[in-house]
Amino acid sequence: MLDANNLTCCKSDRVLFQQLSLSLDVGDILHLQGPNGAGKTSLLRILVGLSQPQSGCVNYQHTSIEQSNDFAQQLIYIGHKPALNPALTAIENLTYWAQMHGVSLLSDIWQILSDLGLAGLEDIPVSQLSAGQQRRVALARLWIKPAKLWVLDEPFTALDVNAIDMVQQKMQRHAQQGGAVILTSHQPVDMMHNIKVLIMEYQWL
Ligand SMILES: Nc1ncnc2c1ncn2[C@@H]1O[C@H](COP(=O)(O)OP(=O)(O)OP(=O)(O)O)[C@@H](O)[C@H]1O
């Protein structure tokens, strides 16, 4: 599904990684591991086209992500910040996001938020939600947009144990149903089976 070939990334005169290649197939869940500053977020941003590598390329279904007709449609990227407008409610944030992604917001959005433990909190500004509740709103995108490829940077940050289990189960089902997931997490992802692991070392070069 997604192939990265010979990626090199430098930041502030440091080589974060070089000649890095990876392949993500249907059904894969790939857990990127490594210490703070190793370059995991930098790699994810290259994989989704938000930043450019010094060398190398990324292909989706054998076509460069810049030229692919359906890469954007088949991608959900959730960065390590929730990327919510704090002045808007959960419903407003998700409606806006759905429109940006060409998804007609499901009539069951209230049910989705309820399932995510946000019943009664749907229509207050997200600035008034706790960090974990804001993260749940951000992750509701996984329930809203049908997309094969999920790229998730620290999705479990601020979540409680129950929410972490729920999101891991969601990822596992997604992979079993023909999707693929690449994620970073400093927390163990032990609810999921058949995880692939890529460990990134901190390079001092
Ligand atoms: N825009 C930038 N300009 C300069 N340096 C940057 C930039 N973005 C990241 N870096 C540097 O690149 C290195 C890797 O950062 P990155 O966020 O990719 O690491 P990470 O592995 O995701 O870390 P963490 O586990 O702490 O989230 C860090 O040393 C960081 O300071």
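1. In this predicted model, a good place to start is the pairing of strand β1 with strand β4 (residues 55–60), which runs in the antiparallel sense over five bridges. Within that pairing, Asn 5 has Cys 57 of β4 as its bridge partner.

2. Strand β1, which covers residues 2–11, also pairs with strand β2 (residues 14–24), again in the antiparallel sense and over seven bridges. Here Ala 4 is the residue that stands opposite Leu 22 in β2. The two strands β1 and β2 make a hairpin with two residues between them, and in the turn Ser 12 has a positive phi of about 50°.

3. Leu 2 belongs to strand β1 and deserves a separate look. Is Leu 2 buried or exposed? Leu 2 counts as buried because 24 other C-beta atoms lie within 10 Å, where the cut-off for a buried residue is 20 or more. Once its neighbours within four places in sequence are set aside, Leu 2 is in contact with Leu 24, Leu 47, Tyr 60, Leu 149 and Ala 180. Leu 2 can also be compared with Val 151, from which it is separated by 149 residues in sequence and by 11 Å in space, C-alpha to C-alpha.

4. Helix α1 spans residues 40–47, and six of its eight residues are buried, so the helix is largely enclosed by the rest of the structure. Those buried residues are Lys 40, Ser 42, Leu 43, Leu 44, Ile 46 and Leu 47; Leu 47 is also one of the contacts of Leu 2. Which strands are included in what covers the buried residues of α1? They include β1, β2, β3 (29–33), β4, β7 (149–153) and β8 (180–184). After the helix comes Gly 49, whose phi is positive, near 85°.

5. The last point concerns the ligand. Its surroundings consist of Lys 11, Ser 12, Leu 16, Gly 34, Asn 36, Gly 37, Ala 38, Gly 39, Lys 40, Thr 41 and Ser 42. Helix α1 gives the most to this shell, with three residues. By class, the shell around the ligand has two nonpolar, seven polar and two charged residues. Several elements described above meet here: Ser 12, one of the residues around the ligand, lies in the turn of the β1–β2 hairpin, while Lys 40 and Ser 42, also among the residues around the ligand, are buried residues of α1.

Methods: Residues numbered from 1 in each chain as written. Predicted model: local features only at pLDDT ≥ 70, side-chain atom pairs only at ≥ 80, totals over all residues. Near = placed C-beta within 6 Å. Helix = DSSP H or I, 4+ residues; strand = E, 2+ residues; numbered from the N terminus. Nonpolar A, V, L, I, M, F, W, Y, C, P; charged D, E, K, R; others polar. Buried ≥ 20, exposed ≤ 12 C-beta atoms within 10 Å, placed from the backbone. Contact = placed C-beta atoms within 7 Å. Pairing = 2+ DSSP bridges.
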